[in-house]
Each structure stands twice: as structure tokens, then as C-alpha cells.
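Q: Can you walk me through this one? I'd like to start with a single residue and then move on to the pockets.

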Amino acid sequence: MNEAIPEPSDLLVPEDPAQSLDVIAVGAHPDDVESACGGTLAKMVRQGYHVGIIDLTDGEPTPNCPDVETRMAESVRAAECLGVHARVQLNLPNRILMDGFVPRIALARQFRRFRPRIVIGFGQKTPMASPDHWQAMQITDAAVFYSRLCRWDEHFDGVPVHAVARQLYFRLAFEPDVMPGESHHLIVDIGDCLEQKLASITAYESQFAHKPKIAERVRAAALVTGSQAGCWAGEAFASAHPYSVSDLVKTVMNL
């Protein structure tokens with residue numbers, strides 16, 4: 001518990017430093033969030049909500065990216081494509097990211113700083129992809145809990161506690177829509193924001209320019225997901241807990 005917590009990098013911040021966020025999406029690497037829920041984030045921005053992204057690591061090194069600065073510049077362009085209000089990089093180690101006290105506190109500090117109502121993050125393992133994704137899920141789960149713990153001010157520089165109201169799990173673009181073990185699923189209609197999602201993904205030239213037809217593949221995955229819910233394009237989520245609705249007709253009919 002004496003290990004130093006890395007200083008985060010603020011890549012984008014709200015114009016008003018005291019502005020809280022309605023939603024924060026957490027990824028292990030820059031481009032995770034865009035692939036998983038970029039359309040949903042763009043839609044929430046259009047709806048007037050304040051939205052942020054937190055990347056646990058810088059995602060580097062990778063085979064086709066020359067340096068960290070290139071990846072960070074790409075992540076800023078991607079965030080601008082979605083219109084989000086904040087993007088923070090926690091400077092935790094890529095490839096060897098592990099759940100533990102330091103990552104939990106580093107992320108919980110951001111939750112206390114931005115005070116989101118909803119946190120969205122990884123919900124399942126991603127076989128044959130980075131093990132950082134699974135660690136990110138455990139870190140996010142713990143940080144949601146740590147954020148609301150009182151009488152622990154020595155780790156939070158006196159920033160008040162914050163209780164996240166809802167937590168959702170995302171999956172990457174090509175993963176199954178239904179997450180095993182999670183009983184509460186929903187699909188968000190992103191038909192009017194799909195192009196923003198694709199633009200945010202292709203902003204990562206170092207990661208995707210060498211992968212043929214990546215935009216077409218992401219588009220196809222979104223169309224398949226949306227078709228299950230009767231919309232043109234969609235993104236799937238699981239809820240950590242059941243939630244209630246006040247108007248069943250409007251919710252079910254997507255009014």
C-alpha cells in the first residue's frame with residue numbers, strides 16, 4: 001500500500017473544472033471504449049449528457065505505433081469524434097496491468113473527481129485478446145466500491161466520497177452480445193451515431209489502418225446487434241444489478 005500511484009494525464013477536461021460527469025466509460029487501452037460503446041457515448045452527448053472516458057494504460061508498445069505520443073494524439077482525435085467532454089489516461093502499465101490497490105485507488109480518485117452517475121466498463125474475458133481487459137473489469141468493479149468508502153481520506157487527498165448509482169458492462173465489437181452469467185441485458189440504438197463510432201475507431205490509424213475493412217466489420221457487428229432489438233444498429237450491455245423504469249411503454253417501445 002506504499003507503492004506510488006502514477007500521476008494521471010488529462011487529455012481532455014471539461015471547460016469548467018468543477019463539472020461533474022453523467023457517465024464515465026473505462027477501458028484498459030485507448031480504442032477499447034470506442035470499439036465497445038462509442039456509439040452510445042456519442043448518443044448521450046447528443047442528448048445533453050456530460051460524458052468522459054478513462055484509459056487505464058497508454059496501450060503501448062504496439063507493432064505499428066511509433067511512440068506513445070502518437071497513440072495519445074489518436075485518442076484525443078477519437079474522443080473529439082464522439083464529442084465527449086473528458087478523457088484521462090491513468091498511466092498504469094500496459095501488458096502487465098494487474099488488479100491491485102494502486103490501480104483501484106487511481107481509478108477511484110477519478111470517480112470521486114468527476115462524480116459520475118453511471119460507470120461502464122468491461123464485463124467479460126476476451127479470449128485470445130489482451131488479458132488487461134479482464135484485469136480492467138476487476139479494477140473497475142473495485143474502484144466503484146472504493147469511491148464510496150468513507151474514513152479513508154488519506155488515499156483521496158480529502159476529495160469527498162462519491163457513490164456511483166449504476167454500473168453497466170460492455171463488450172468489444174466482435175464479442176457475443178449476451179454475457180454469460182449476467183442476467184440483465186439491454187441494447188442501445190446507435191443508428192444515428194454509428195458513423196461517429198466508426199470515425200472514432202479509424203482515428204487510431206496505428207492500430208487499425210493495417211487491418212482490412214475494419215470499419216465494415218464494426219458496422220456489420222453493430223447491424224447484427226441492432227437487428228435483435230428491432231433497430232438499425234446497436235450496442236449491447238449488461239447491468240450489474242436490475243433497475244426499474246417509471247414508464248414501461250416508453251421504455252419498451254423506445255419512445
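**Asp22 and the pockets**

Q: What is Asp22 in contact with, leaving aside its neighbours within four places in sequence?
A: Asp22 is in contact with Tyr49, His50, Pro116, Arg117 and Ile118; contact means heavy atoms within 4.5 Å. Bear in mind that this is a predicted model, where local features need pLDDT of at least 70, side-chain atom pairs count only at pLDDT 80 or more, and totals for chains, interfaces and linings use all residues. Residues are numbered from 1 along each chain as its sequence is written, and side-chain values use heavy atoms, with hydrogens and water left out.

Q: Where is Asp22 found?
A: In the loop between strand S1 (9–12) and strand S2 (23–27). Strands (E, at least two residues) and helices (H or I, at least four) are DSSP runs, numbered from the N terminus.

Q: Does Asp22 count as buried or exposed?
A: Asp22 counts as buried because its relative accessibility is 16%. Buried is under 20% relative accessible area, exposed is over 50%, and partly exposed is in between (1.4 Å probe, protein chains only).

Q: How many residues of the protein count as buried, as a percentage?
A: 51% of the 255 residues.

Q: OK, pockets. What volume does the largest pocket have?
A: About 1300 Å³. On a 1 Å grid over the protein atoms alone, a pocket is an open set of points where a 1.4 Å probe fits, with protein on both sides within 12 Å along at least five of seven lines; lining residues have an atom within 4 Å of a point. Points are joined across faces, edges and corners, and the volume is the space filled by probe spheres set on them.

Q: Which residues lie nearest its centre?
A: Leu186, Ile187, Val188, Tyr243 and Thr251, out of 32 lining the largest pocket. Elements giving two or more residues to that lining include helix H1 (32–46), strand S7 (185–189) and helix H8 (248–253).

Q: What classes are in that lining?
A: The largest pocket's lining has 18 nonpolar, eight polar and six charged residues. Ala, Val, Leu, Ile, Met, Phe, Trp, Tyr, Cys and Pro count as nonpolar, Asp, Glu, Lys and Arg as charged, and the others, Gly among them, as polar.

Q: And what about the second largest pocket?
A: The second largest pocket has a volume of about 720 Å³. Of its 30 lining residues, Asp31, Asp32, His133, Phe208 and Lys211 are the closest to its centre. By class, the lining has 11 nonpolar, 11 polar and eight charged residues.
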